[in-house]
Amino acid sequence: MHELSIAESIVDIIGDSLARNGGGRVRSVKVRIGELSGVVPESVDFCFKAITAGTSLDGSTLEIEKTHIVALCDDCGKESSVEGLVFRCPKCGGANIKVISGNELQVVEIELDE
Ligand SMILES: [Zn+2]
């Protein structure tokens with residue numbers, strides 16, 4: 001289960017960050033997930049809730065933002081964000097594009113209770 005390992009990574013990242021910043025109670029976490037990872041945000045949210053139940057993260061909410069796939073075109077040299085899996089350059093129609101972003105998992109923001 002891909003989503004479960006992603007949820008676990010998110011929990012790890014939060015744990016590290018809390019340890020560095022002296023702890024606190026997490027209210028919400030903003031995560032950015034690349035569209036290319038093929039992850040279903042609802043499933044990540046579900047797994048996150050399941051593995052944080054009964055822990056200090058119980059009740060915190062996950063906000064998931066999907067980022068577009070960014071491709072670089074070899075024909076015209078431009079970067080574009082592509083929707084879904086249409087691997088053609090939107091600028092010139094060329095097929096010689098390579099994906100340079102869209103596979104990331106990033107915890108953008110951790111909001112703590114005051
Ligand atoms: Zn192009």
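These legends go with four close-up views of a predicted model.

**View 1. Three strands make an open sheet.**
Let's start with the strand order, which reads 4-3-5, with antiparallel pairing. Strand 4 (79-82) and strand 5 (97-101) are the edge strands, and each has a single partner, so one side of each has no neighbour in the sheet. From one strand to the next, the twist averages 40°. Strand 3 (residues 69-73) pairs with strand 5 in the antiparallel sense over 4 bridges. To find a spot where they meet, look for Cys 73, whose bridge partner in strand 5 is Ile 97.

**View 2. Strand 3 and strand 4 form a hairpin.**
Here you can follow the chain through a turn, with 5 residues between the two strands. Gly 77 sits in this turn and has a positive phi of about 75°. The two strands pair in the antiparallel sense over 4 bridges, and Leu 72 has Glu 79 of strand 4 as its bridge partner. Which side chains of strand 3 are buried? Ile 69, Ala 71 and Cys 73 are, and they point to one face, while Val 70 and Leu 72 point to the other and are not buried. This fits a general pattern: in a regular strand, side chains alternate between the two faces of the sheet.

**View 3. Nonpolar residues gather in cores.**
The largest nonpolar core has 13 residues. Those with the most contacts inside it are Ala 7, Ile 10, Ile 14, Val 29, Val 31, Val 44 and Phe 48. Helix 1, strand 1 and helix 2 (41-52) each supply at least two residues of this core. Try finding Val 29: leaving aside neighbours within four places in sequence, its contacts include Ile 10, Ile 14, Leu 62, Val 107 and Ile 110. Another core, of 5 residues, lies apart from the largest one, and among its members are Ile 69, Cys 73, Cys 89 and Ile 97. In soluble globular proteins, nonpolar side chains tend to be buried together.

**View 4. Gly 24 lies in the loop between helix 1 (2-20) and strand 1 (26-34).**
Is Gly 24 buried or partly exposed? Gly 24 is partly exposed, because 14 other C-beta atoms lie within 10 Å, while a buried residue would need 20 or more. Now look for Leu 112, which is 88 residues away from Gly 24 along the chain. The C-alpha atoms of these two residues are separated by 6.3 Å. Leaving aside neighbours within four places in sequence, Gly 24 is in contact with Leu 18, Leu 112 and Asp 113.

Note on methods: Residues are numbered from 1 along each chain as its sequence is written. This is a predicted model: local features need pLDDT of at least 70, side-chain atom pairs count only at pLDDT 80 or more; totals for chains, interfaces and linings use all residues. Two strands pair if DSSP finds at least two bridges between them. Axes are lines fitted to C-alpha atoms, for helices over the stretch in contact, and angles run from 0 to 180 degrees between N-to-C directions. A residue is buried if 20 or more other C-beta atoms lie within 10 Å of its own, exposed if 12 or fewer, and partly exposed in between; C-beta atoms are placed from the backbone. Two residues are in contact if their C-beta atoms, placed from the backbone, lie within 7 Å. A nonpolar core is a set of buried Ala, Val, Leu, Ile, Met, Phe, Trp, Tyr and Cys residues joined through C-beta atoms within 7 Å.
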